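Let us go through this structure step by step, beginning with a helix and its length and then turning to confidence, the core and the ligand.

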Amino acid sequence: MKIQLIISLIIAGLVITGCSDVRRNPGRVYIPDMGYSRAYETYAARDSNIFTTDTNEAGRKIFYNNMPVAGTIARGEIEPFFLAKDAPGDTTNYVASKQITNPLGNLDAAQMKEAERLYLINCGICHGPKLDGNGPLYKDGTGPFPSAPANFVGNDKYKTMPEGQMFYSVTFGKNLMGSYASQLTRTQRWMVISYIKSKQGAAAKPAATDSSASVKPAAADSTSAKK
Ligand code: HEC
């Protein structure tokens with residue numbers, strides 16, 4: 001009986017000392033991090049005493065670097081391009097990218113229209129609405145952009161360039177052309193490349209020669225690339 005009284009007195013004592021007369025103060029809290037998350041406020045300046053972008057400090061502070069968790073894929077997005085950007089001067093992955101095939105297959109009319117829209121917004125300014133490498137930013141060299149953009153319909157190098165390699169350059173950039181990885185999703189980048197290839201196919205027809213055969217890598221190559 002006595003022991004029960006002592007235990008209930010201890011509990012009552014803990015409960016009372018746990019309270020606070022300051023109404024906004026929750027009093028003593030066991031493991032406060034679990035009860036009250038230190039939330040990250042969007043757009044607010046981050047308190048460097050609480051948050052860190054340095055993985056070495058991650059245990060002591062809250063690690064938050066605004067990036068999606070590595071390896072995660074956004075809903076509706078296709079699988080990542082598994083080749084990394086080459087180190088300067090190296091072309092290993094640029095060459096390897098030739099083996100990667102366009103995962104989208106043939107686009108239907110609506111998708112092709114959307115691909116055209118994306119091309120005209122993002123690429124036409126340099127590569128030209130006619131894909132001739134002569135967009136308003138270049139204008140035969142009189143425009144403000146100093147470097148000649150690729151002429152997709154007049155240059156065999158680009159007519160025969162595999163889609164995977166185009167994707168590599170659109171994703172990581174090429175010389176003076178920047179990366180489009182942040183402006184266009186992976187799906188959108190492949191769509192734009194399908195659009196370029198469709199226009200190249202149309203342009204190649206009158207000449208009745210070349211290119212379209214070598215556009216896609218041989219079947220053996222594409223299976224080996226999947227591994
Ligand atoms: C600011 C101008 C500019 C814009 C906008 C631009 N490009 Fe380019 N692009 C260039 C230039 C310049 C080159 C030539 C790069 C070189 O080889 O020096 C090029 C080259 C390329 C190549 C050939 C890359 C290679 O490996 O040789 C592809 C493919 C390409 N662009 C696709 C695109 C696509 C798709 C878009 C739109 C998403 C786009 N570009 C937007 C300027 C631009």
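**From the opening helix to the ligand shell**

In this predicted model, helix H1 covers residues 2-18, and because a helix is expected to extend 1.5 Å a residue, its 17 residues should span 24 Å, which agrees with the 24 Å that separate its end C-alpha atoms. H1 is also hardly covered, for the count of buried residues among its 17 residues is zero.

Before looking further inside, it helps to consider confidence. The protein chain has an average pLDDT of 84, and 88% of the residues score at least 70. Among the elements of the chain, helix H4 (residues 109-122) has the highest mean pLDDT, 97, whereas helix H10 (residues 219-226) has the lowest, 39. Over residues 207-227 the pLDDT stays under 50, and for this stretch the model has 24 contacts beyond four places in sequence.

The largest nonpolar core consists of 23 residues, and Phe167, Val192 and Ile193 are those with the most contacts inside it. H4, helix H7 (163-172) and helix H8 (186-207) are the elements that give two or more residues to this core, with H8 providing the largest share, six residues. Leaving aside neighbours within four places in sequence, Phe167 is in contact with Phe81, Ser97, Ile100, Arg189, Trp190 and Ile193.

H7 appears again around the ligand, where it supplies four residues, the largest share of the shell; helix H5 (124-127) and H7 each supply at least two. Of the 21 residues around the ligand, those that come nearest are Cys123, Cys126, Ser169, Asn175 and Met177. By class, this shell has 14 nonpolar, six polar and one charged residues.

Methods
Residues are numbered from 1 along each chain as its sequence is written. This is a predicted model: local features need pLDDT of at least 70, side-chain atom pairs count only at pLDDT 80 or more; totals for chains, interfaces and linings use all residues. The expected span of a helix is 1.5 Å times one less than its number of residues. A residue is buried if 20 or more other C-beta atoms lie within 10 Å of its own, exposed if 12 or fewer, and partly exposed in between; C-beta atoms are placed from the backbone. pLDDT is the predictor's confidence in each residue, from 0 to 100. Two residues are in contact if their C-beta atoms, placed from the backbone, lie within 7 Å. A nonpolar core is a set of buried Ala, Val, Leu, Ile, Met, Phe, Trp, Tyr and Cys residues joined through C-beta atoms within 7 Å. A residue is near a molecule or strand if its C-beta atom, placed from the backbone, lies within 6 Å of it. Ala, Val, Leu, Ile, Met, Phe, Trp, Tyr, Cys and Pro count as nonpolar, Asp, Glu, Lys and Arg as charged, and the others, Gly among them, as polar.
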